[in-house]
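Open the structure in your viewer and keep the selection panel handy. We will go stop by stop, with something to select at each one.

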Number of protein chains: 4
Amino acid sequence: MAEAPDEVEQPDARPRVSGTERMTSFSDGVFAIVITLLVLDLRVPEYHRGELLADLLDEGASYLAFVVSFIYIGVLWLNHHALLRLVRATTLALSWINLAILFGAVIIPFPTAVLASAFTHGDTDDQRAGVALYALAAALMSAPWLVFFGYLRRHPELLGRGVSPEHVRTQRLRPVTGLVLYGLSGLLGWFVNPVLGLIGIIVMIAYHAVTSEGLRRRVGRR
Amino acid sequence: MAEAPDEVEQPDARPRVSGTERMTSFSDGVFAIVITLLVLDLRVPEYHRGELLADLLDEGASYLAFVVSFIYIGVLWLNHHALLRLVRATTLALSWINLAILFGAVIIPFPTAVLASAFTHGDTDDQRAGVALYALAAALMSAPWLVFFGYLRRHPELLGRGVSPEHVRTQRLRPVTGLVLYGLSGLLGWFVNPVLGLIGIIVMIAYHAVTSEGLRRRVGRR
Amino acid sequence: MAEAPDEVEQPDARPRVSGTERMTSFSDGVFAIVITLLVLDLRVPEYHRGELLADLLDEGASYLAFVVSFIYIGVLWLNHHALLRLVRATTLALSWINLAILFGAVIIPFPTAVLASAFTHGDTDDQRAGVALYALAAALMSAPWLVFFGYLRRHPELLGRGVSPEHVRTQRLRPVTGLVLYGLSGLLGWFVNPVLGLIGIIVMIAYHAVTSEGLRRRVGRR
Amino acid sequence: MAEAPDEVEQPDARPRVSGTERMTSFSDGVFAIVITLLVLDLRVPEYHRGELLADLLDEGASYLAFVVSFIYIGVLWLNHHALLRLVRATTLALSWINLAILFGAVIIPFPTAVLASAFTHGDTDDQRAGVALYALAAALMSAPWLVFFGYLRRHPELLGRGVSPEHVRTQRLRPVTGLVLYGLSGLLGWFVNPVLGLIGIIVMIAYHAVTSEGLRRRVGRR
């Protein structure tokens, strides 16, 4: 029975599993690219001679959106890093769930650009749309993480050594929190005040940044 | 005879072969980049103050094209992953065939943007052109996969351990199906109805997504 | 106690540490992408038929800015390479400090484009703004390097074998020099003459290119 | 004497050397990105409703330029692959020479876009400028390869096992050929006929594609 080193043989009735090495490097590549592509939305403004500085200063909202999204993708990468350390092997279904997680990361530059544009050139209605779109994207982005944890619970044979199913169940709390609170931030931004919604989003990103440590420590204890 | 670890010595009359490690990581890099670059075609629409939301909603076709192409590149990556697991070494010719496969993946954002533009801003004629271009690109993209399998059949010494030549012959069915059915989708879109052609394309992408599992299971059985 | 190979077990009271492999490859990816994205700001000028050559020659400042920033990112990559060789493990805090270093690199195409635009289309005021922005970005970019070295001094357990804390203290001199001298170049460009400020920036980049060797030789001696 | 595994200790008087692993993966990343970024210059033309197809067909020169540059970067990657297999270690100077080689690759999308624009929208003068720029870029790109081989000849201690200095001397012929013949193609395109110059460039790229096998076979014989 000759097998490539990243293969784990399975009885025919169960889905075929393989190692996570290429999934990891592909995901890392995607995160590295998307965090770098954000800069393409920082453009030199159209300016009249002598007014470059003033026009640059008008773009403050773009810089803030850039910084927030850079941190957000950094958070996602660190969390994804911790996520893949839970598993020792992948199946086709898990690869697709992972692609759905990457989809959420890849799309970030678009709501970022919309948000920046709304706060630079738009009125309050546009800002409400921009905040709601960003929050919607962030909330939906939590869904495949939930599915990932759910799949792992049903397939404990994919878990890394020393990772208990109870641990995986605990971890589901974080994407649920994300789904609910990003959603609430969007509603707040849409129905109450776009700036309040934006603050809600920033608080959530900070929460995920801090708890990515928590997730990793728990993994380590097992 | 000192050889780098990824070298396999060959008699002079046969083409020189080398390991697939750099080809794999280069290909993974290309797939990761192209799946991320798709987002650059989601642009903030030019809008009048207060009309951002309405203008965003008008871009529905762009979002659909983005999602379809994201899934398509995901499918290609998974299939390419399975493809490179068939081989244990490469030659210059096989490297060029692989570059032709990557060419097909790299080009996807262009027909995607054309398709999105045709369904957002164009009339039926433009939509027919957009669907036909996408289908043409997808059909032609199947050709180097066929050549890859054909080359492997003539050079069984490049096959990984446990991969039989019969298995490779079976695999040729999938790019042939792609060539024929993407071609038919294009003809359907051009001569009958662009929406029908588009549905044909989407069905084909779904078919390839599902059968990438089949391909991998067969590899595993050997 | 089962641990993935890139894990180092720690008592619970100290921050959890892990290997630097994924941090290294993620950072390399970011540097490779940003050094390549620079070319996107070299655009074909809008030209009337027959005037392409003349219009290309007018863009001289863009080419100079491209070359300077390419070398700058090359310098940063070489220095970052040397930096990560000092450590054998990372913590969540160090990962964030590293992300701040990458933030500095990722942002470079933006001040580069502003600088190129100011010297191509702007007046002296615009050039002063462009030089000051580039120098400000370069000076601020030095800050997370300082923090990185400071963190390493407080966590000698993260240092690679053969790297002494005294060596780390010596290395702090270089980002301090950068912070001060890029700042002075910016002030020179803003208050005296933009071309002088630009020369100051270029001299600093050359200094960092030369001393990246110095940094590496010192590491080797231990 | 504790050394990281990719370090080779050297007496202080000689330049410090280190392994080529990160240089290889960084270079692969750059080639993967630049070959993928080419597609960004394939843009949906501005079109009136119902004229998409006609406007797409007018862009034939862009597609040709895209294909030629894709093959060109593929050639460069394969040659670079063979180049790095000659060396077992790098120094700071060799890293900078390698960055100069990458500079040549990274810049390709720019002369490609100029060339495509000249043949789509320009007159004969513009085409002469486009061909001359592309040939100039290609000729200058050969220079750092020459320097690379020259440096290796003076530092035989960096050569991989089984690579003889005579072999390195032989390899210098190819960049010399490139420097001369791309230069001649540019002169031909500028003074005689832009289409002839373009044909000269395409022939040269084909020559390098074919001889990349030659280079590799010679390496294998040692």
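Throughout this tour, contact means heavy atoms within 4.5 Å. Before the first selection, some ground rules: this is a predicted model, where local features need pLDDT of at least 70 and side-chain atom pairs count only at pLDDT 80 or more, while totals for chains, interfaces and linings use all residues. Residues are numbered from 1 along each chain as its sequence is written, chains are lettered from A and ligands numbered from 1 in the order in which they are written, and side-chain values use heavy atoms, with hydrogens and water left out.

**Stop 1: chain A alone**

Select chain A and color it by secondary structure. You will find 9 helices and 3 strands, taken as DSSP runs numbered from the N terminus (helices are H or I, at least four residues; strands are E, at least two). Walking from the N terminus, the order is β-β-α-α-α-β-α-α-α-α-α-α.

Now color by accessibility. Of the 222 residues in chain A, 59% are buried, meaning under 20% relative accessible area with a 1.4 Å probe and protein chains only (exposed is over 50%, partly exposed in between). If you draw the contacts in chain A between residues at least 6 apart in sequence, 76% of them join residues at least 24 apart.

**Stop 2: where chain A meets chain B**

Add chain B and select what touches across the boundary: 43 residues of chain A and 43 residues of chain B. Together the two chains bury about 3,700 Å², and carbon and sulfur atoms give 68% of that. Buried area here is the accessible area (1.4 Å probe) that two parts lose on being put together, summed over both.

Next, show A:R22, A:F26 and A:F110 as sticks. In chain A these lose the most area to chain B, together 21% of what that side buries.

Stay on A:R22 and bring up B:D28. Their side chains meet in a salt bridge, 2.4 Å from N to O; the rule asks for a side-chain nitrogen of Lys or Arg within 4 Å of a carboxyl oxygen of Asp or Glu. The count between chain A and chain B is 1 salt bridge.

Which elements should you highlight on the side of chain A that touches chain B? Pick α1 (21-37), α4 (92-106), α5 (109-121) and α6 (124-154), each of which supplies at least two residues. The most come from α1(A), with 9 residues. Colored by class, this side of chain A shows 25 nonpolar, 8 polar and 10 charged residues. The classes are Ala, Val, Leu, Ile, Met, Phe, Trp, Tyr, Cys and Pro as nonpolar, Asp, Glu, Lys and Arg as charged, and the others, Gly among them, as polar.

**Stop 3: superpose the copies**

Fit chain A onto chain B by least squares on the C-alpha atoms of residues with pLDDT of at least 70 in both. A rotation of 90° with 0.0 Å of shift along its axis does it, at RMSD 0.0 Å. The two copies are thus related as by a four-fold rotation axis. Only 7% of the interface residues of chain A are also interface residues in chain B, so the copies meet through different surfaces.

**Stop 4: chain D and chain C**

Finally, select the contact between chain D and chain C, which takes 43 residues from each. Center on D:R22 and C:D28, a salt bridge whose closest N and O atoms are 2.4 Å apart. Then highlight α1(D), which gives the most to the side of chain D that touches chain C, with 9 residues.
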